[in-house]
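Colleague: I have the structure open and would like to go through it piece by piece. Can we start?

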Amino acid sequence: SERIPGQRFEIVPLDFEEVDPAVRFGEVDFLLVNPGIYVNMEVKYRVSRIATLDNLVGSTPHNVFGGVLFTRHDRKDINQLVDLRGKGLMAVDETSLGGFQMAWRELNAVGLDPYRDTSRLEFGGIHDRVVLAVLEGRIDVGTVRTNILERMASAGQIDLRDFRIISPRLHTEFPFARSTRLYPEWPFSKLQHTPNPLSQ
């Protein structure tokens with residue numbers, strides 16, 4: 001609002017299920033969502049991306065992210081993805097790319113269906129709730145997007161030593177624990193009705 005004359009901007013937080021109707025009915029002008037939701041909005045409503053989020057770690061930007069599956073450190077029976085068979089899994093939301101869909105792809109690759117092969121599949125709604133459910137022993141395994149565990153640890157909410165990463169992947173340039181492939185970070189996009197000069 002300060003930088004663009006004559007325009008007033010308002011950030012509108014949306015729950016996962018609120019994104020589609022907000023875009024369909026033109027209730028927002030710009031959108032910042034995970035790449036999975038973005039692709040659906042592009043196909044259904046022709047939103048178009050303008051920029052990709054840079055996640056700063058210190059002064060180093062990262063424009064990719066992944067998912068991480070984890071359990072409590074004292075759960076010696078859960079080390080690899082195949083160990084999730086018959087265990088309880090909590091994810092963020094069915095449409096959360098980093099908080100569910102990335103892990104789903106990795107589980108599928110080892111022959112596991114989280115809907116069929118876990119003892120129960122729950123959705124916590126937000127990343128922090130998933131982490132705390134695992135920490136408190138209310139669920140066997142959790143999955144969240146990368147950097148959530150590290151962010152909560154740096155805020156003093158958790159101790160990383162209380163957790164173990166399941167099937168960790170190593171990448172010398174990516175600083176966060178992860179169990180999945182890396183994907184492009186969140187795109188910032190414009191809706192069809194949003195004027196191009198304003199988008200520029």
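Colleague: Which residues of helix 2 are buried?

Modeller: Keep in mind that this is a predicted model. In helix 2, which covers residues 35-45, the buried ones are Pro 35, Gly 36, Ile 37, Tyr 38, Met 41 and Tyr 45.

Colleague: What is at the start of helix 2?

Modeller: There, Asn 34 places a side-chain oxygen within 2.8 Å of the backbone nitrogen of Gly 36.

Colleague: And which residue follows helix 2?

Modeller: Arg 46 follows helix 2, and its phi is positive, near 60°.

Colleague: Let's zoom out. How many helices and strands are there in the protein?

Modeller: The protein has six helices and twelve strands. Its radius of gyration is 18 Å, close to the 16 Å that the globule rule gives for 200 residues, so the protein is as compact as a globular protein of that length.

Colleague: What box do the C-alpha atoms fill?

Modeller: Roughly 60 × 40 × 30 Å, taken along the principal axes.

Colleague: What share of the residues is buried?

Modeller: Of the 200 residues, 42% count as buried. As for contacts between residues at least 6 apart in sequence, 72% of them join residues at least 24 apart.

Colleague: On to the sheets. What is the strand order in the open sheet of three strands?

Modeller: The order is 1-12-2, and the pairing is antiparallel. Strand 1 (30-32) and strand 2 (48-52) are the edge strands, each pairing on one side only. Neighbouring strands in this sheet are turned by 25° against each other on average, direction ignored.

Colleague: What holds paired strands together in general?

Modeller: Strands of a sheet pair through backbone hydrogen bonds, in a parallel or an antiparallel arrangement.

Colleague: How many bridges join strand 2 to strand 12?

Modeller: Four, with the two strands running antiparallel. Within strand 12, Ser 189 stands opposite Arg 49, and Pro 187 is the bridge partner of Thr 52.

Colleague: How many bridges are there between strand 1 and strand 12?

Modeller: Three, again in the antiparallel sense. Phe 30 has Lys 190 of strand 12 as its bridge partner.

Colleague: Now the open sheet of five strands. What is its order?

Modeller: The order is 8-7-9-6-10, with mixed pairing. Its edge strands are strand 8 (120-123) and strand 10, and each pairs on one side only. The twist from one strand to the next averages 30°.

Colleague: Which helix packs on that sheet and touches strand 8?

Modeller: Helix 3 does: it touches strand 6, strand 7, strand 8 and strand 9, and its direction makes about 115° with that of strand 9.

Colleague: How many bridges join strand 6 to strand 9?

Modeller: Five, and these strands run antiparallel. One of the residues involved is Phe 70, whose bridge partner in strand 9 is Gly 142.

Colleague: Where does helix 4 lie?

Modeller: Helix 4 lies across strand 6, strand 7, strand 9 and strand 10, running at about 155° to strand 9.

Colleague: Which of its residues are buried?

Modeller: In helix 4 (residues 127-135), they are His 127, Val 130, Val 131, Ala 133 and Val 134. These residues are on the same side of helix 4, because they cover an arc of only 160° around the axis.

Colleague: What do the buried residues of helix 4 pack against?

Modeller: They pack against strand 6 (67-72), strand 7 (88-91), helix 3 (97-109), strand 9 (141-145), helix 5 (148-154) and strand 10 (163-165). After helix 4 comes Gly 137, with a positive phi near 75°.

Colleague: Two single residues to finish. Is Lys 76 buried or exposed?

Modeller: Lys 76 is exposed, because its relative accessible area is 57% and the cut-off for exposed is over 50%. Lys 76 is found in the loop between strand 6 and strand 7. Its C-alpha atom is separated by 9.3 Å from that of Arg 164, 88 residues apart along the chain.

Colleague: And where is Pro 61?

Modeller: Pro 61 is in strand 4 (residues 60-62). At 44% relative accessibility, Pro 61 counts as partly exposed. Leaving aside neighbours within four places in sequence, Pro 61 is in contact with Asp 54, Asn 55 and Leu 56.

Conventions: Residues are numbered from 1 along each chain as its sequence is written. This is a predicted model: local features need pLDDT of at least 70, side-chain atom pairs count only at pLDDT 80 or more; totals for chains, interfaces and linings use all residues. Side-chain values use heavy atoms; hydrogens and water are left out. Buried means under 20% relative accessible area, exposed over 50%, partly exposed in between (1.4 Å probe, protein chains only). The arc is that of the directions from the helix axis to the C-beta atoms. Contact means heavy atoms within 4.5 Å. Two strands pair if DSSP finds at least two bridges between them. Axes are lines fitted to C-alpha atoms, for helices over the stretch in contact, and angles run from 0 to 180 degrees between N-to-C directions. A polar contact is a pair of N or O atoms within 3.5 Å; within protein, one must be able to donate a hydrogen and the other to accept it, and residues adjacent in sequence count only if both atoms are side-chain atoms. The radius of gyration is taken over C-alpha atoms; the globule rule is 2.2 Å times the number of residues to the power 0.38.
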